[in-house]
Amino acid sequence: MATPAGWRRDGNLPAELTSFVGRSRLLTQIRQRIQQSRLVTVTGIGGVGKTRTALRVAHQLRPQFDDGIWYVDLARLQDPSMLHHTVRTALGLADQSSRTSGDSLADWLGDRTVLLILDTCEHMVDACAELIEDLQSRNPNLKVLATSRRSLNAAGESVIPIPPLPVPGDDPAESPYHNDAVELFRQRATAVVPDFSIEENNVTSVAELCVRLDGIPLAIELAAVRLRALSVDQILGLLTDRFSLLAGASRTALPRHQTLRAAIGWSHELCEPAERLLWARLSVFAGDFELDAARYVCAGDTLPPDRIMDVITGLVDKSVLLSYNTVSGQRYRLIDTLRQYGEEWLDKLGETDNLRRRHRDYYLQLAERGEHAWSGPRQVHWFVRMRQEHDNVRTAVDFCLSLPGEHRIGLELLSSLWFMWVACGFMREGRHYLERALRESRQASKERCRALWTLAYVCNMQGDHDGATEAAEKCSSEALEVGDSGAVIFATKMLGTSAMLKGDFKRATALLGVAIEFHKSGRELNPGLLPAVAELALVLTYQGDYMEAETLVQDCLKICNERGELWIRSYAVWIQALLEIETGRHDQVKTSAREALRIKRHFHDVPGVLLCLETMARHAASSGEVAHAAYLLGASEQNWRASGLAQLGSPFLSDDFKRTIKECRETLGNHEFDRLFLAGQALSLEDTIAVALGELEISDSL
């Protein structure tokens with residue numbers, strides 16, 4: 001399984017799916033400008049190739065940025081307050097703290113040499129400008145390449161307009177055979193008609209076609225796809241007729257953005273009625289989507305579910321939809337400019353609200369399926385799946401929170417997604433949405449109670465124990481009011497977690513014991529029984545009741561093994577390693593800690609990984625591997641600073657960390673300890689995990 005992005009150092013730059021044609025001077029200009037300026041914004045109309053050009057430049061510059069090039073797609077983001085969350089998600093950062101997003105982003109960036117690409121900024125230029133100015137004021141090596149239909153008007157911004165491709169006739173000395181627009185048409189044409197070539201009998205028509213399309217890459221690509229059914233002359237004739245209707249006899253009176261709309265509209269008209277309808281309906285999806293989602297959301301009386309696949313195939317053939325394989329199967333995506341066109345048609349059809357509601361219903365059902373399956377053998381699948389569906393989930397949540405009549409379903413959706421917020425790296429975002437939903441739906445209800453204990457869970461994992469206590473107590477009070485005994489038990493469990501993390505072991509033992517007693521049926525393994533068992537085992541370990549703690553750990557592992565659960569299993573094995581340290585079974589500690597770390601590698605569990613690293617450092621320090629311990633401690637300290645509150649704000653875990661540092665300093669001396677500690681801070685989390693697992697030698701990584 002691929003390593004989560006935030007654990008790597010090489011960035012998340014998307015692969016270039018198609019060849020890049022021409023623009024060599026423009027590419028050179030942008031590269032030079034990035035060397036000279038900290039913020040470069042490439043501007044231009046839709047379909048002119050801003051994103052493709054930015055990605056081409058980024059791939060050329062990749063070796064110059066030691067800490068990676070990081071790509072953030074903002075096209076489907078509607079809420080400016082979610083901008084920081086979106087950037088953090090693209091960077092793969094799991095910030096479980098309650099700090100401001102700007103602080104946590106700046107901490108992660110530090111003095112890294114990074115190029116950040118913010119793609120499609122035009123609908124939130126003020127928020128983007130504010131973010132960039134804040135981050136660059138605190139991070140001297142950060143450079144930003146933005147794409148937008150208009151300037152960001154940010155301090156120090158260097159703007160480079162991206163024009164359409166030059167067309168035949170722009171340079172009288174240039175042969176049409178060597179023209180960039182003609183070459184783009186040829187390359188895209190051969191993708192659909194392999195034996196197509198530019199020859200004497202068609203070069204004039206191809207050249208005229210590119211002229212009529214103003215050299216706009218998207219328009220040229222849409223036209224090239226038509227070669228499946230039409231000759232170049234037929235395509236040219238149809239376009240000539242359409243432009244004449246739109247612009248009269250004066251071709252020059254048609255601005256380039258109208259050219260693109262005309263080309264898209266022409267492509268739209270050449271689609272079958274079912275394809276036009278599906279095109280409009282698919283515009284409700286954010287990011288990519290699967291076939292089942294399209295069938296559920298878009299099917300209707302005039303478009304039955306069993307026809308969706310054939311219609312999607314038609315849209316893929318016409319280059320309206322992109323299709324590609326992922327680890328979880330085939331997925332599809334509307335090109336952004338075409339999605340906006342589809343949205344306009346959906347509004348004209350009067351179907352927008354209904355389709356957005358069906359979209360929300362699909363992702364509510366998906367969330368509920370994920371929640372019910374989370375404690376089973378496909379846990380890693382659901383982790384990957386929900387991260388993949390993040391854009392669509394966010395859109396579904398936004399729909400619920402934007403309409404008063406949908407708030408209760410919004411609470412239901414948000415609480416069903418507790419595993420996504422806590423286990424998939426979206427704690428800060430989950431808290432943002434939960435708090436917003438609870439503010440907008442203040443009447444006591446079972447849905448609100450469920451959202452409250454979910455909020456308490458998130459707060460605990462952020463280290464905000466007071467916030468968790470407040471949410472859990474409110475949940476308990478309102479649950480009694482509406483007669484929801486299950487919510488009372490979950491609230492009790494969350495209060496026990498909060499007490500445990502604060503070091504109030506007596507209170508934690510009582511509350512977690514109650515939660516375990518009421519969850520013994522095993523129906524609510526997560527987040528009920530299994531976390532409570534593991535947390536109580538941790539409490540007993542730190543109280544010195546090793547025998548009882550061992551019994552609980554083994555009980556937890558037995559259930560995890562029977563059900564195929566991995567998330568809590570990794571914590572149980574980590575606690576097992578702590579017990580082995582405390583009871584002198586030093587030959588077993590490394591095996592247990594490494595097992596926990598290998599499991600956590602499958603998830604975006606940065607806090608869990610760091611706790612494992614600290615336990616391994618503690619063991620190494622007591623086993624004579626003090627240099628190794630210092631190295632791991634440095635890596636842990638750096639990654640806590642980037643991801644959130646160290647040791648989850650827990651005093652007893654922090655005390656262990658401080659004691660290990662003190663022991664290493666005394667053994668190594670300050671100078672040598674500091675050298676190794678700083679070396680540990682310098683590596684990515686991916687490499688640190690490899691060192692801890694024995695897959696990478698420290699000497700090779702210093």
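Q: What makes 74% of the contacts in the chain, among those between residues at least 6 apart in sequence, long in sequence terms?
A: These contacts join residues at least 24 apart. Contact means heavy atoms within 4.5 Å. The model is predicted: local features need pLDDT of at least 70, side-chain atom pairs count only at pLDDT 80 or more, and totals for chains, interfaces and linings use all residues. Residues are numbered from 1 along each chain as its sequence is written, and side-chain values use heavy atoms, leaving out hydrogens and water.

Q: Why is the chain called as compact as a globular protein of its length?
A: Its radius of gyration is 28 Å, close to the 27 Å that the globule rule gives for 702 residues, so the chain is as compact as a globular protein of that length. The radius is taken over C-alpha atoms, and the rule is 2.2 Å times the number of residues to the power 0.38.

Q: What share of the 702 residues counts as buried?
A: The share is 59%. Buried means under 20% relative accessible area (1.4 Å probe, protein chains only).

Q: What makes a space a cavity?
A: On a 1 Å grid over the protein atoms alone, a 1.4 Å probe fits at its points but cannot get out. Four cavities reach 30 Å³ or more. The largest holds about 280 Å³, where volume is the space filled by probe spheres set on the points, joined across faces, edges and corners.

Q: Which residues lie nearest the centre of the largest cavity?
A: Met461, Met500, Glu535, Tyr571 and Leu648 do, among 17 lining residues. Lining residues have an atom within 4 Å of a point.

Terms used: 1 Å grid on protein atoms, 1.4 Å probe; cavity = no way out; pocket = protein on both sides within 12 Å on 5 of 7 lines; lining within 4 Å. Buried < 20%, exposed > 50% of the residue type's maximum accessible area, 1.4 Å probe, protein only.
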